[in-house]
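The following exercises concern the fold and the charged side chains of a single chain. Each task is followed by a solution in steps.

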Amino acid sequence: MPDSSTASTGKTARPSRRTVLAATAGLTAAAAVGGTAHAAPHDDRRLRAVISRMTLEEKVGQLFVMRVYGHSATAPDQADIDANLSEIGVRTAAELIARYRVGGIIYFAWAHNTRDPHQIADLSNGIQRASHEQSRGLPVLVSTDQEHGIVCRVGKPATLFPGAMAIGAGGSRADARTLGRLSGAELRAMGIRQDYSPVADVNVNPANPVIGVRSFGADPDAVAGLVAAEVKGYQGSGVAATAKHFPGHGDTAVDSHTGFPVITHSRAVWEGLDAVPFRAAIRAGIDSVMTAHLQFPALDDSGDPATLSHPILTGILRGELGYDGVVVTDSLGMEGVRTKYGDDRVPVLALKAGVDQLLNPPSLEVAWNAVLNAVRTGELTESRLDESILRILRLKARLGLFDAPYVSAADVDRTVGTAAHLAAADRMAERTTTLLVNEDRLLPLSRRTHHRLLVAGADPASPSGTTGPPTGVLAAAFTELGFSATALSTGTSPSAATIDKAVAAARDADAVVVATYNVTAGSAQQTLVRRLLETGRPVVAIAVRNPYDVAHLPSVPAVLAAYSWTDIELRAAARVVAGRVGPRGRLPVPVQRADDPAQVLFPIGYGLRY
């Protein structure tokens with residue numbers, strides 16, 4: 001019964017459980033749906049019995065979490081079949097499972113896994129069915145990066161929530177827990193049972209190119225409280241949360257996707273800064289921890305990335321912090337883990353360091369065979385694999401996957417993108433918008449005195465592919481609020497001609513709202529704002545990514561931080577500008593002066609009201 005058979009009807013099939021029960025006889029009693037933080041000893045005995053019946057090849061496969069292209073497990077589009085053949089050597093997710101017996105699959109929007117909620121549920125069911133049709137088939141742990149804000153793989157009509165730094169600006173642990181609970185319920189309804197969230201990094205470097213607004217902030221205790229709350233929310237909904245990126249990625253100016261960062265913190269600084277949220281996550285019962293592809297010489301001076309570091313993962317994470325849950329690598333296709341060693345060595349060294357799940361290697365064939373050969377040659381023992389597989393199966397049992405691996409159309413309809421969830425997300429967003437500058441009480445704007453608005457600025461691509469463009473969303477929101485608003489996309493690096501066009505349009509407006517995106521000294525965005533100010537029209541800047549933009553906009557009379565360019569945060573910012581709601585957010589990071597970074601322009605906790 002192929003999963004594609006229901007795709008055209010929007011109804012998700014719930015197959016018979018016989019194959020599941022036959023493959024895991026005696027385990028269903030041990031499985032706890034959304035259950036306890038740790039497996040009981042008798043559960044371990046049953047799980048070890050399952051492991052004892054696995055072949056070596058099946059054990060190796062269970063360690064891998066792999067990407068696969070396509071909206072269907074058995075009948076993807078031809079372009080996705082071609083991509084799978086090129087990158088993985090299989091045609092479909094079902095073939096991936098049959099050949100490699102992978103323990104997990106990760107969903108991406110760019111891999112066409114996440115078109116709509118019913119399709120996602122169909123795909124998840126097809127993956128589970130394909131695995132259980134195998135001899136000794138086990139449930140697959142389906143995962144994704146649903147951080148919300150600027151990293152979001154599942155888009156509308158699912159509920160999209162404010163991102164981490166926005167939640168940090170709101171400062172509410174209740175909101176963080178609610179976000180995890182509601183988002184977790186929606187992910188679970190679609191068959192996604194492991195979320196690579198929350199980000200537990202403490203963002204203390206304004207130049208951080210990869211974390212930034214994905215972090216809750218720069219105060220380790222505040223970050224810790226929000227991390228723990230979100231963990232409890234997700235896991236209370238039966239979805240494994242993942243604290244990332246251990247031992248901490250918050251103070252780097254290098255993106256580990258494209259380079260090999262080095263964290264220069266001392267051990268004492270790490271203890272008081274980076275480690276704090278991870279300790280909180282562990283106390284909260286976190287199901288999984290993701291590693292970072294960076295050097296941390298104070299913790300391991302070998303020059304190896306943390307992902308491959310036995311002193312960091314086994315010595316500190318497991319030994320000192322007492323964590324015995326699942327450890328998953330960040331993507332093994334990232335440059336930070338490939339700089340020092342080849343793709344055939346990385347998975348083996350990761351397992352030797354203490355990793356359990358190997359995420360998304362660039363070549364699964366190379367990585368899978370490398371682990372298999374390492375066991376056959378004695379570099380890795382089969383018992384070492386068994387340790388990791390036991391942790392993985394414990395997690396699958398706690399999530400109820402042995403007992404109930406499938407989801408239904410009814411689960412999707414009653415849970416995903418409901419009016420109650422959407423309203424909760426909107427209320428949450430209204431508590432995050434931060435007003436940083438408001439000279440002469442320019443805000444809130446009046447519909448009578450500033451009726452005609454020009455909305456200009458950057459239109460970065462939608463994180464989920466289902467929102468934006470930002471200038472259009474803002475203009476529509478202002479129009480709904482009673483203004484006459486016109487959108488003009490000027491981009492992140494506007495040309496002189498584009499700036500001239502914006503200036504001409506501003507002369508016909510009563511006020512200008514400009515969306516800024518990572519403004520730097522001397523940038524074209526800075527020139528755009530200066531030229532708009534020279535028209536004499538009031539200018540309101542909304543920083544749609546980093547709040548640090550305000551330091552480069554010294555003459556703008558009103559500046560707000562939205563922390564993301566997704567619809568929910570932009571609409572909330574528009575309501576604040578219009579006075580429909582008051583600004584309630586407070587900076588979760590300090591903003592330094594642009595001309596003297598040693599001086600703080602706006603401290604943590606700063607935020608104006610009206």
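**Exercise 1.** Of the 610 residues of the chain, what percentage count as buried? Relate the result to the overall dimensions of the chain.

*Solution.* The model is predicted. Step one: a residue counts as buried under 20% relative accessible area, and 62% of the 610 residues meet this criterion. Step two: the chain contains 22 helices and 18 strands. Its radius of gyration is 25 Å, close to the 25 Å that the globule rule gives for 610 residues, so the chain is as compact as a globular protein of that length. Step three: the C-alpha trace spans about 75 × 55 × 40 Å along its principal axes. Step four: among contacts with a separation of 6 or more, 77% come from residues 24 or more positions apart.

**Exercise 2.** Which parts of the chain does the salt bridge between aspartate 77 and arginine 115 tie together?

*Solution.* Step one: the closest N and O atoms of aspartate 77 and arginine 115 are 2.5 Å apart, within the 4 Å limit for a salt bridge. Step two: aspartate 77 belongs to the loop between β1 (64-66) and α4 (78-87), and arginine 115 to the loop between β2 (104-107) and α6 (117-132), so the pair links parts that are 38 residues apart in sequence. Step three: aspartate 77 is partly exposed, at 34% relative accessible area, and arginine 115 is also partly exposed, at 43%.

**Exercise 3.** Is aspartate 330 buried or exposed, and what is the nearest side chain of opposite charge?

*Solution.* Step one: aspartate 330 sits in the loop between β9 (326-328) and α13 (335-338). Step two: aspartate 330 is buried yet has no salt bridge, and the nearest side chain of opposite charge, arginine 214, is 6.3 Å away. Step three: arginine 214 forms a salt bridge with glutamate 147, with closest N and O atoms 2.7 Å apart. Both arginine 214 and glutamate 147 are buried. Step four: the contacts of aspartate 330, leaving aside residues up to four places away in sequence, are His245, Met290, Thr291, His293 and Leu359.

**Exercise 4.** Which residues are joined into one network by salt bridges that share partners?

*Solution.* Step one: the structure holds 34 salt bridges. Step two: one of them pairs aspartate 356 with arginine 391, the closest N and O atoms being 2.9 Å apart. Both aspartate 356 and arginine 391 are buried. Step three: shared partners join Asp44, Arg318, Asp324, Asp356, Arg391 and Arg394 into one network of salt bridges.

Methods. Residues are numbered from 1 along each chain as its sequence is written. This is a predicted model: local features need pLDDT of at least 70, side-chain atom pairs count only at pLDDT 80 or more; totals for chains, interfaces and linings use all residues. Side-chain values use heavy atoms; hydrogens and water are left out. Helices (H or I, at least four residues) and strands (E, at least two) are DSSP runs, numbered from the N terminus. The radius of gyration is taken over C-alpha atoms; the globule rule is 2.2 Å times the number of residues to the power 0.38. Buried means under 20% relative accessible area, exposed over 50%, partly exposed in between (1.4 Å probe, protein chains only). Contact means heavy atoms within 4.5 Å. Lys and Arg count as positive and Asp and Glu as negative; His and the chain ends are not counted.
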